[in-house]
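Please look over the sequence and the model shown here before reading the points that follow. The briefing takes up strand pairing, helix packing and the nonpolar interior in turn.

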Amino acid sequence: MSRQKYVVVGAGPVGSLAALYAAKRGHDVEIYELRGDLRDPSTVPLNFTKSINLALSERGINAMRHANQQDLLDHVFSATIPMRGRMIHGRRPSGELFEEPQDYDIHKRTIFAVDRAGLNKRLLDILGAMPNVKFFFNYKLTGADFKRRKAWFEVRGQSSSSGRPEEVEIPFDFMIGADGAHSAVRYHLMKYTRMNYQQEYVDTLWCEFQIKPRGDAELRDQKSKFRISPNHLHIWPGKKFMFIAIPSEDGSFTCTLFLSEADFAKLESDSSKLPSFFDANFPGVTSLIEPSELITEFEANPHLPLISIKCQPYHYSSSVVILGDAAHAMVPFYGQGMNAGLEDVRILFSILDKHAAAENNNPDDPGTVDAAFQRGSALTEYSALRVPDAHAINDLALQNYVEMRASVLSPTYRLRKFLEEFMSVHLPSLGWQTKYSRVSFGNERYSKVVAKSDHQGKILLRGFVAMLCSPVVAGIFGLYLTQRRSLGSVRFLDAIRNMWN
């Protein structure tokens, strides 16, 4: 494989993992990030919030596993908290508060709560120790020519003699855009390819809160620092809105309120009503977060929108590709945003490797390897493969909001989950699994997960209908036997026709 210059735009987890994959393959890697060094505590974090906790599942772990960096995996498993399921909170008609666990998986597999900043820092530290990797922080992409493979960056904080920010020209062989939902790389890519683009803002805003750990005087052991179970994703479903809590290593919980813009506006007009709103809709939360702290955090933390983005293709020629949120930003309700982005990296480089290893079949020049041609073929395959899967998980994420805020309380939802898990355990040869298990505990293509889940749903529906209709079927069969005795040998379908006639 010939050595190439890879420019990665975006130093978040997806961009950092892509840089690690490229550096491991011997390429010269330059990472450009709009913000300052993300390891610096003074750097403004993602979305201007203090902390972001994420759900890490098999797809993301598998992508890091394929980076062949054992200390990265060691960090992941030492700094994460396993979550075996949801804990549903509510109030019974009697007024009594309840907690109801719902395991994710009948086989006891778990997802993991991970601190985004900690994971990002570990990736950047690994990259910083590699001789073929360079960082450029506070660099803003302002232009790109993907035919000539040149990019222009504005150096923030530095001005030229004219007083305008200094701009530098950077040549490259291949650019990877991992610069988020409002991607500058995607913006410039649109000038070079006929990109279909769809952007949707969901009528839901979100605001972050925190459940603090217990004080030292209250601690009996390490686990007792958590005020509620640390091994669950906690949900207070409100049918049209919800409140969730994800555990952190220090014993705190990062909490998020998801609420319509109109409801946010009502609370913003008089935030003193916030505790009573929580008591009415999220019972028990005000015993975990002081009412005064609820109001303070609601007023201090931003109320941010949720965006869902679909586009295609993800590349142009052999010059550029977009990954992660830059290609398929999704709402957070399936916990797959970062996992899908990390999986993008694994799939992209597996396809690049496959094409790089392909033989040169050019009879005129069999000894040369055209890296650009091989990469162009790989990127075409990557876009064709990944687009339907990214669109599938985008749709699932939107659908899962309804499940989390309402369906978790539904008897129908619980019945289907029970039946699918029962068949998974007692009829394993059928390969029956819940949709959630296929998404979170496997590496099957998202589009195939949706197809198999839909097929399972149809079978369950037919079985349920057959069960309801079974007395009718028995009656018809009894009449058939009666007709057979009186008329001699009669086919079953003919007997049915005779009954109707």
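Strand E4 pairs with strand E7 (residues 111-115) in the antiparallel sense, and the pairing runs over 4 bridges. The model is predicted, and what follows describes the sheet that holds these strands, the helices that lie on that sheet, and then helix H1 with the cores.

**The sheet**

- Within the pairing of E4 with E7, Ile81 has Ala113, a residue of E7, as its bridge partner.
- The open sheet consists of 3 strands, arranged in the order E3-E7-E4 with antiparallel pairing.
- Strand E3 (53-56) and strand E4 (80-83) are the edge strands, and because each has a single partner strand, one side of each is left without a neighbour in the sheet.
- From one strand to the next, the twist averages 30°.

**Helices on the sheet**

- Helix H4 (residues 116-128) packs on the sheet, where it touches E3 and E7, and its direction makes about 75° with that of E7.
- Helix H10 (residues 337-356) also lies across E3 and E7, and it runs at about 60° to E3.

**Helix H1**

- Helix H1 (residues 13-24) has 12 residues, which at 1.5 Å a residue should span 16 Å, and this agrees with its end C-alpha atoms, which are 16 Å apart.
- How is H1 placed with respect to the rest of the structure? Of its 12 residues, 11 are buried, so the helix is largely enclosed by the rest of the structure.
- The buried residues of H1 include Pro13, Gly15, Leu17, Leu20 and Tyr21.
- After H1 comes Gly26, whose phi is positive, near 90°.

**The nonpolar cores**

- Nonpolar side chains tend to be buried together in soluble globular proteins.
- In this model the largest nonpolar core has 75 residues, and those with the most contacts inside it are Leu17, Phe153, Met175 and Phe349.
- Leu17, which is one of the buried residues of H1, touches Ala63, Met64, Ala67, Leu72, Leu123, Leu342 and Val345, when residues up to four places away in sequence are not counted.
- A second core, separate from the largest, has 58 residues, among them Ile88, Ala113, Leu205 and Phe277.

**Around Glu261**

- Glu261 belongs to helix H6 (residues 261-269), and it touches Asp203 and Leu205, not counting residues up to four places away in sequence.
- Although Glu261 and Trp206 are 55 residues apart in sequence, their C-alpha atoms are 9.2 Å apart in space.

Note on methods: Residues numbered from 1 in each chain as written. Predicted model: local features only at pLDDT ≥ 70, side-chain atom pairs only at ≥ 80, totals over all residues. Heavy atoms only, no water. Helix = DSSP H or I, 4+ residues; strand = E, 2+ residues; numbered from the N terminus. Expected span 1.5 Å × (residues − 1). Buried < 20%, exposed > 50% of the residue type's maximum accessible area, 1.4 Å probe, protein only. Core = buried A, V, L, I, M, F, W, Y, C linked by side-chain atoms within 4.5 Å. Contact = heavy atoms within 4.5 Å. Pairing = 2+ DSSP bridges. Axes fitted to C-alpha atoms, helices over the stretch in contact; angles between N-to-C directions.
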